[in-house]
Amino acid sequence: MRITEIHTYTVFMYRTNYVFIEIETDEGTTGVGEGTLEYKEHALLGAVEDIRRVLIGRDPRQIEKITSELYRDSYWRNCAALQSAVSAVDMALWDIKGKLLGVPVYELLGGKVRDRVRMYANGWFAGANTPQEFASAAKAAKEKGVTALKWDPFGKAYLYMDRGELARSIETVEAVRASVGSEVDLLIEGHGRFDIETSVRVAQALKPFEPMFFEEPTPPDSIDALAEVRRKSPVPIAAGERLYAPVAFRDFLEKGCADFIQPDVSHCGGISAIKKIASMAENYYVAVAPHNPSGPVANAATLQLAGCLTNFRILEIMMTDMSWRKRLTDERVIFADGTILIPDRPGLGLSLNREECGAHPFQPVDLRHYKGSLTDIRPRDAAEYYFEGI
């Protein structure tokens, strides 16, 4: 069996562009992957083209050999574009192998440890700006059965917040907590923006609201700064979405940077890499809560990992997206009681609709159009995510 071609599809989704790949083989089995790299899509496509030249003719069943060689032979290791391309390839190869054997990927990774995984919603707040609007949106999400909500309440702040800015941000957290009660978990996003002193003040201000975690409080350039915040924080810390290989998580874990690690299956090396990262984290009693705001293929791959990782804690799901997302693939997301069902179709359990992917070509995304921290995104053609069961 040999790889004969690699196709790429770049799909506009308002807040970003999804980048999918499809690997074809000489025996007719195809596999899909996703390397969506926000605002650097052309760099990713160039990395895929570089990889394409060395993959044509290879046996797609040799997943470990192929992905380790792609990393080994790269001069610029831990590069986001390269690792996102490798991630997409890794997903597609696992998809092929699962289809060949007629089993979901989780069966190839040790078997299922759970049938469902708890989810938290991102994007539930689209269009909200005031504490009252956030509270109303949170209540609506709770009424649909969502039991955990994540958002960034910090506006345009960078590195430092004065007392007034912090107080206004905490008003939003207070309003959301009051609207959903104590039974819904709150997850507070920092987007890697604060210095150490400010991060600690924010964490202290969040403590009365008992968040599940405070995500990425410091810029991703220094894990030492993150470790210092975690030592001083009275609330759990989550981070790791901008680390690009298993080796990067070694120091992260050894230095005690977080209570939850958040590798992204589209960026850190794919399914193979997260399996290794989770195994390392297990030895430190650190939970895995992958970064997962991307497209349906990345979501499908992350769900396969949720099915087989013992320390997988919670799954991120975008609650709103462009209305055509549901037509890009035959993805099924089955929701009940705050959880998502682990799918059991072969491979990743979905296929691309090539025509629909081609109907929404790349468009540049200019973050200057967004106020605050993307909380005001209100696409002209937005739709609530298409959970089956809601």
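Modeller: Buried here means under 20% relative accessible area, exposed over 50%, and partly exposed in between, with a 1.4 Å probe and protein chains only. This is a predicted model, where local features need pLDDT of at least 70 and side-chain atom pairs count only at pLDDT 80 or more, while totals for chains, interfaces and linings use all residues. Residues are numbered from 1 along each chain as its sequence is written, and side-chain values use heavy atoms, without hydrogens and water.
Biologist: Which residues of α1 are exposed?
Modeller: H42 and R53 are exposed, on the other side of α1 from the buried ones. Helices are DSSP runs of H or I, at least four residues, and strands are E runs of at least two, numbered from the N terminus.
Biologist: And which ones are buried?
Modeller: E41, L44, A47, V48, I51 and L55. They line one face of the helix, because seen down the axis they fall within an arc of 120°, taken from the directions from the helix axis to the C-beta atoms.
Biologist: What do they pack against?
Modeller: β1 (3–12), β2 (17–25), α2 (63–72) and α3 (80–101); contact means heavy atoms within 4.5 Å.
Biologist: What comes just after α1?
Modeller: G57, with a positive phi of about 95°.
Biologist: Switching to the largest nonpolar core, which residues touch the most other members?
Modeller: W124, F214, F252, I271 and L348, out of 116 residues. Such a core is a set of buried Ala, Val, Leu, Ile, Met, Phe, Trp, Tyr and Cys residues joined through side-chain atoms within 4.5 Å.
Biologist: Which element gives the most to this core?
Modeller: α3, with 12 residues.
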